[in-house]
Amino acid sequence: ASRLARAVLALLDNGNHEPETRYWLAATAAEAHLLLGDRTASQAALVRAMEAAPQAWEDHAATLRQFQQILARQGASTAIIDPLRPPPSLYFSGIIGLPENEDAAGRQIGEALDMIGPGAVFGALAAGADILIAELAAARGAALHIVLPTALEAFREASVARFGGRWPRRFDRLMEMAESIDAPQATRELSDAAVAKGSEIAMGLALRRAEAFATHAVALHVGRASDPYIASHRLWHGCGLPLRTVTLAQSTPPQGPPLRTASNKAILASIAPFAPGLQKSASGIHYVILDDPAAAMALGEAILRTSPGYGLALEYRTVLPTEPLDGEDGLALLLAPAAPAGSICMSWPDAAALALQAPGYRFELAGDVITRQGDCPVGHYFPSSA
């Protein structure tokens, strides 16, 4: 490696090489210097590379991952690359209901955002702290990624419009500014389970973005001292991830009925039969219903180990008490025929929730599947042993 690094630096010095971008040339020099143990020259060249292409976050991430591997092999600290990492991803959540004078709350939230310095934020936009966090993050240059727990119209009515005032106008403005919007059209009613699932998806998307950009993810929650502990935050803590809280001294309790009670279920489907007695069937598709995606993934992986020719589909669905608990009208049965052999197919961005629910399973985006419900973006998971 040292011999090749010296040859590369000589080639860069004499200019006798194919044309390349300023980023690639400087990053290559930085890696060569690092391999030779000259961390000062390496860091200086890496700074030049990133200044040449300041928004090329994915290129930066690839370089930083290579540097991290080299430093680990050398038994050296990552101190020279830590200041050069892209800004973190932020998952945000907050309470409904703020004081008429938002100035104090705005200062507290602004201070937290300045400490974190996110490059992108992921969350919903309920009237109150959600909207205020998103406005302040956007004003600081962060990209907005909106993840709603229900269809857009249903969420706007239940969580924004009914609170009146300026909230609907502020919501609409942020939606226009958003870099991405995810809202499940099949979920038409707001419930505690839908909110929990939406939070898990937003958290997962923040984690995926952090991983892609070789940076880290942080959660920010704005609430009252008397608020109960949030279940999705337990998942975040369980993954060892940082959570910052802003406790408001004054806030207005939300008005109106509480959220409906519902549950989140996982539906695993296949065109081939499961074990006898385990399954239900509809339209020639076999399926099982489990309590959570982690259990479904464990079962799916076990099936693929013994039957690698199977293709499975997984759906993460919010079910109201008044709804029949079956998989006959869901996505799992529609996606199962399109699942490649040896894989588990799941709609995107629902698959991002697995980053919290079951971190050992990673889905890769794989384009759209055409179904009778419309085009459905999907991800695939291929067990290494399948």
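In the predicted model, the axes of helix α5 (residues 103–116) and helix α6 (residues 129–139) cross at roughly 55° and come within 10 Å of each other. The two helices are therefore oblique to one another, since an angle is classed as oblique when it is neither under 35 degrees, nor over 145, nor between 65 and 115. The crossing in which α5 passes α6 is right-handed.

Residues from both helices form the contact. On the α5 side these are Ala-105, Gly-106, Ile-109, Gly-110 and Leu-113, and they meet Leu-132, Ile-133, Leu-136 and Ala-137 of α6. Sorted by class, the contact of α5 with α6 comprises seven nonpolar residues and two polar ones, with no charged residues. The two polar residues are Gly-106 and Gly-110 of α5, because glycine is counted as polar in this classification.

The helix pair belongs to a chain whose secondary structure amounts to 13 helices and 13 strands. Taken along the principal axes, the box filled by the C-alpha atoms of the chain has dimensions of roughly 75 × 60 × 35 Å. Of the 386 residues in the chain, 50% are buried, where buried denotes a relative accessible area under 20%. The area exposed by the chain is about 18200 Å², and carbon and sulfur atoms supply 53% of this area. Among contacts in the chain with a separation of 6 or more, 72% are accounted for by residues 24 or more positions apart.

Definitions and conventions: Residues numbered from 1 in each chain as written. Predicted model: local features only at pLDDT ≥ 70, side-chain atom pairs only at ≥ 80, totals over all residues. Heavy atoms only, no water. Axes fitted to C-alpha atoms, helices over the stretch in contact; angles between N-to-C directions. Helix = DSSP H or I, 4+ residues; strand = E, 2+ residues; numbered from the N terminus. Left-handed = near helix turned anticlockwise from the far one by under 90°. Contact = heavy atoms within 4.5 Å. Buried < 20%, exposed > 50% of the residue type's maximum accessible area, 1.4 Å probe, protein only. Areas by Shrake-Rupley, 256 points an atom, 1.4 Å probe, with all protein chains shown as cover.
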